[in-house]
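Biologist: Could you take a close look at one part of this model for me, the largest pocket and the helix packing beside the residues that line it? I would enjoy a connected walk through it.

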Amino acid sequence: MAFSPQACLFDLDGVIVDTAKYHFIGWQRLAEELGVPFTVEDNEQLKGVSRVGSLEYILSKGGLDLDNDTKVRLMDRKNAWYLDLVSAMGPDELFPGVVEFIDSLRASGIHVALGSSSRNAPLILNRCGIADRFETVIDGNSITFSKPDPEVFLKGAEAFGAEPGRCVVFEDAVSGVEAALNGGFRIIGVGDAEALAQAEFVIGGFEHFSLQDMVERLS
Ligand code: BG6
Ligand code: MG
């Protein structure tokens, strides 16, 4: 029987917009200041991970033990750099085809939610002019547990009264793919097929991907 999706849940950073590169610049700059080496591979581990989880990763890599106030100050510093970088963003930084894909879902009666660990998600959606595309936005401000915990996606499905097994998650992060699997969701990776091998399949982007492709490949 053909798969019949009730909802699609989209990660933000690295799926809808290329903000992953700005997070990378911010964390690398902070790590450098702390004297901790920070590579592209480290960044891959941090995709989808909360702000505090990302800082803890860097501190533990450098064997650093800091008090809470210092940690808050460091996170604020990184976020200020990040906000500087994203303040110039506009709709031209949306990944090609993603808005058209979302519109085709809505036109077919499939619910659409955002499921992001970022507390800056509302700002980015507004800057890119796509806040109205999402019926529900679950972001870093509305969750207690970060990916790979499935909370962010479970809350999205719950908003529509949808079953996880009939919701499709789109994710570019290893932690996000794990979160989807942990919650019993269908999962499509976006980006690097090798890194996202746990996903059901991986697409390079939305430009040549349709609702029909999605249903066929998940049936
Ligand atoms: C995720 C990103 O979407 O949000 C992570 O993949 C980021 O890199 C996390 O750390 C938290 O983002 P923010 O914007 O709240 O610092
Ligand atoms: Mg992401």
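Modeller: Happy to! Let me start with the residue classes: Ala, Val, Leu, Ile, Met, Phe, Trp, Tyr, Cys and Pro count as nonpolar, Asp, Glu, Lys and Arg as charged, and the others, Gly among them, as polar. The model is predicted, with local features needing pLDDT of at least 70 and side-chain atom pairs pLDDT 80 or more, while totals for linings use all residues. Residues are numbered from 1 along each chain, and side-chain values use heavy atoms, without hydrogens and water.

The largest pocket (on a 1 Å grid over the protein atoms alone, an open set of points with protein on both sides within 12 Å along at least five of seven lines) holds about 580 Å³ of space, a volume being the space filled by the probe spheres, of 1.4 Å. Its lining (residues with an atom within 4 Å of a point) has 33 residues, with Val49, Ser50, Arg51, Ser117 and Ser118 nearest the centre. By class, 11 are nonpolar, 13 polar and nine charged. Helix α4 gives the most to this lining, six residues.

Now to the helices (DSSP runs of H or I, at least four residues). The axes of α3 (residues 51–61) and α4 (residues 68–86) come within 10 Å and cross at roughly 110 degrees; α3 and α4 are therefore roughly perpendicular (65 to 115 degrees). In their contact (heavy atoms within 4.5 Å), Arg51, Val52, Leu55, Glu56 and Leu59 of α3 meet Lys71, Leu74, Met75 and Asn79 of α4. Those contact residues comprise five nonpolar, one polar and three charged.

Note on methods:
Chains are lettered from A and ligands numbered from 1 in the order in which they are written. Axes are lines fitted to C-alpha atoms, for helices over the stretch in contact, and angles run from 0 to 180 degrees between N-to-C directions. Helices (H or I, at least four residues) and strands (E, at least two) are DSSP runs, numbered from the N terminus. Angles under 35 degrees count as roughly parallel, over 145 as roughly antiparallel, 65 to 115 as roughly perpendicular and the rest as oblique.
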